[in-house]
Every structure is written in C-alpha cells, then in structure tokens.
Amino acid sequence: MAPDTLVSEKGLTQLESVIEVRGLWSAFPIPGGGQVVVHKDLDLTVNRGEVLTLVGGSGTGKTVLLRQMLGLNTPAKGTVTVLGRPVAELAGPGAAARVGMLFQQGALFSAFNVLDNIAFPLREAKALPEELVREAALLKLQMVGLKPTDAHKMPAELSGGMIKRVALARALVMDPPLLMLDEPTAGLDPDSSDAFCDLLQSLHQELGLTVVMVTHDLDTLFALSTRVAVLAEQRVIIAASVEEVLAFDHPFIHHFFLGERGLRAMEMLRDRKTAAPRNELAKGQ
Ligand SMILES: Nc1ncnc2c1ncn2[C@@H]1O[C@H](COP(=O)(O)OP(=O)(O)OP(=O)(O)O)[C@@H](O)[C@H]1O
C-alpha cells in the first residue's frame, strides 16, 4: 500500500497532503570556508488533520526543518510546498492566515498588552475595522481558556502557561488551517504542561487543524501525535505511527524512547490505548 493511503470504513482513501518536502538540502556556510549540511535529500509529507511530531537528536535540524516549512530558510536544493504553493509565497502579507506559529519562548511583544498581542496579525493585515479586530482577539482569548479580565494584562504579569496561551491565541487569530509548534510545553511545570496539551488537543479536534510540532517531551509527544517523524543522518529515517516508530531499529529511537523516561511514557501510551481514544480526528483520517 502506498504510504499516503489508508483503509477507512468506506474503503481506500487518499490522504490530502498539506506540506510536501522533496529532496531538501539545507546548508549553512562555516566561517573560514566550507559548509555544514544539515539536511541531505530529505523527504517529508504532512497530511491534512494530523499532528506530526518531529523528533531527533540535538542539532539534527528539527528547527531548521520547521523554518524551511515556514519559508524562513532557503533550501540549498529541493522543494517545499505548503497548501499547494511554493513555500516562498508564504512569507509576506497574509502569511498568518495560512500558517500559525508558536515559538518556543512564546515571543510576545513586551510593550503590548494581551489583547494587543493577540490582535497584532489582524492589525498588520489591515483587513478588518478596529471594532471587529478587538472582537476577534477577545474571542481567541477566550478560546485558549483566558478570561476577558486578562485582556489588559502586560506580558510581564503572566505565568509561563498564560504566555503560551496568549501566543497560541495570536497564532490562531487569523484562523490558519496549519499550526507549527516549537517545543510547545518547554519550560512549563507538569500541571501547566498537561493543561496546555489538553487545550492543543481540543483545538486540533474542534478546528480541524493540521499541526507540525517539535518536542523533546515524551508526554507531549504521546498525548498529541498522530504520527512521528524521526530526523537522523540528515534526513527523515521514518515517519509513521508511534507504534511503528517504536518498532524501528535505530540507535536514536532506542535511546529516545526506550530509556527510563521513554518506558514511563510508553506505559502512558498503553494506558491510553485501553482507555477511550483521545484523538477522534486521528482515527477518522
Ligand atoms: N542560521 C544558521 N547559521 C549557521 N548554522 C545554523 C543556522 N541555523 C541552524 N544552524 C545549524 O544547523 C544545525 C541544526 O540546527 P537546529 O536548530 O535545527 O537543530 P535542532 O534539531 O532543532 O536542535 P535542538 O534539539 O538542540 O534544538 C545546527 O548544527 C545548527 O548550528
């Protein structure tokens, strides 16, 4: 069976790809001459409605791959297509309507209050009158579990979990179909991390989002991923279900998943399989 097909109740269904990375080479010049090649002939497909998690050792190029999928880095060779168009077209006006990005540090504007941070992409697009901009931003504020009374708080007054929620509301303010998350739960305590995972999962289901995520956190990976792509040897060595990835024989996979914390997370996965499935959308793909 082709990798991008699955058998549904209705028969064989072709999955719709949202991102296609083909033959990608990413390289950076080294001071004094030469270059470091991060990706070499890398292929990856992201399908509509999935939560695809990128994992790999430090320096394997996860962030560079996310940046390539946002059009922020330029391929040395190969192509990146997002929503059927060359990724270079993503940059510039209207980009936030196509892809929402949650950066690792939240990256809020410290001089703007919560509401103005959320409203920023809408104001920049100059597509709506001010009244509607405020209304849309307030709606997203509530969607991420914040209260209207939080609207006028400044970033310095917020907890780590609240900063992530504001950054998420801002990433979603233009209703993009595609969301990229770089270490979404990094820096959060376990309770805030679980709460943020639950929020991401319910938004993924309610909004039908396609999500690409980089994370080192196995709890987050197991809670959210419908597929996992492993970066090693300058390419994606496997992109498959968690179970298939676990069965794949590679030193990084052994180290990452089968160490002490990996075994704990796998127990979680087993518990999850015996309980009601958390991700209905993943099932319906
Ligand atoms: N702008 C740049 N100039 C030069 N080298 C870069 C640049 N951006 C990334 N690199 C190099 O590319 C490699 C991959 O970096 P990247 O940040 O994507 O790794 P990563 O897999 O996300 O790592 P980590 O898990 O540690 O965050 C690293 O060797 C990094 O030094």
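**Exercise 1.** Decide whether leucine 181 is buried or exposed in this predicted model.

*Solution.* Start with the count: leucine 181 has 26 other C-beta atoms within 10 Å. The threshold for a buried residue is 20 or more. Leucine 181 is therefore buried. Next, place it: leucine 181 belongs to strand S9. Then list its contacts. Setting aside residues up to four places away in sequence, leucine 181 touches Leu102, Val211 and Met213. Finally, check a distance across the fold. Glycine 100 is 81 residues from leucine 181 in sequence, yet their C-alpha atoms are 8.5 Å apart.

**Exercise 2.** Work out where alanine 137 sits and which residues it contacts.

*Solution.* Alanine 137 is in helix H4, which runs over residues 130-143. It has 23 C-beta neighbours inside 10 Å, so it counts as buried. Now look beyond four places in sequence. The contacts of alanine 137 are Leu115, Ile118, Ala119, Leu122 and Val173. Take one of these partners, Ala119. It is 18 residues away along the chain, and the two C-alpha atoms are separated by 5.2 Å.

**Exercise 3.** Classify glutamine 142 by its surroundings.

*Solution.* Glutamine 142 is also placed in helix H4. Its count is 13 C-beta neighbours inside 10 Å. A residue is exposed at 12 or fewer and buried at 20 or more. Glutamine 142 falls in between, so it counts as partly exposed. For a long-range reference, use valine 214. That residue is 72 positions away along the chain, and the C-alpha atoms are separated by 26 Å.

**Exercise 4.** Check the length of helix H5, then find what its buried residues pack against.

*Solution.* Helix H5 covers residues 160-172, 13 residues in total. At 1.5 Å a residue, the span should be 18 Å. The end C-alpha atoms are 19 Å apart, which agrees. Next, count coverage: 11 of the 13 residues are buried, so H5 is mostly covered. Among the buried residues are Met162, Ile163, Val166 and Leu172. The list also includes Lys164, Arg165 and Arg170. The packing partners are strand S8 (99-102), helix H3 (114-125), H4, strand S9 (178-182) and helix H6 (190-207).

**Exercise 5.** In the largest nonpolar core, identify the residues that touch the most other members.

*Solution.* The core holds 70 residues. Met69, Ile118, Val212 and Ala229 touch the most other members. By element, H5 gives the most to this core, with eight residues. Now follow methionine 69. Not counting residues up to four places away in sequence, methionine 69 touches Ile19, Val80, Val82, Val87, Met180 and Val212. Val212 is itself one of the four listed above.

**Exercise 6.** Explain why the buried residues of helix H9 line one face.

*Solution.* Helix H9 spans residues 251-258, and its buried residues are Ile253, Phe256 and Phe257. Seen down the axis of H9, they fall within an arc of 80°, so they line one face of the helix. The general rule helps here. An α-helix has 3.6 residues a turn, so residues three or four places apart point the same way. Turn to the other side: the face of H9 away from the buried side carries the exposed residues Pro251, His255 and Leu258.

**Exercise 7.** Describe the shell of residues around the ligand, and say which element supplies the largest share.

*Solution.* List the shell: Phe28, Val36, Val38, Gly56, Ser58, Gly59, Thr60, Gly61, Lys62, Thr63 and Val64. Sort by class: four residues are nonpolar, six polar and one charged. Assign elements: strand S4 (35-47) and helix H1 (62-69) each supply at least two residues. The largest share, three residues, comes from H1.

**Exercise 8.** Compare the backbone at aspartate 41 and glutamate 183, using phi.

*Solution.* Begin with the rule: most residues other than glycine have a negative phi. Aspartate 41 has phi near 55°, a positive value. Glutamate 183 has phi near 45°, also positive. Now place each one. Aspartate 41 is in strand S4, whereas glutamate 183 lies in the loop between S9 and H6. Aspartate 41 is exposed, with 12 other C-beta atoms within 10 Å. Glutamate 183 has 19 C-beta neighbours inside 10 Å and counts as partly exposed.

Conventions: Residues numbered from 1 in each chain as written. Predicted model: local features only at pLDDT ≥ 70, side-chain atom pairs only at ≥ 80, totals over all residues. Helix = DSSP H or I, 4+ residues; strand = E, 2+ residues; numbered from the N terminus. Contact = placed C-beta atoms within 7 Å. Near = placed C-beta within 6 Å. Nonpolar A, V, L, I, M, F, W, Y, C, P; charged D, E, K, R; others polar. Arc of directions from axis to C-beta. Expected span 1.5 Å × (residues − 1). Core = buried A, V, L, I, M, F, W, Y, C linked by C-beta atoms within 7 Å.
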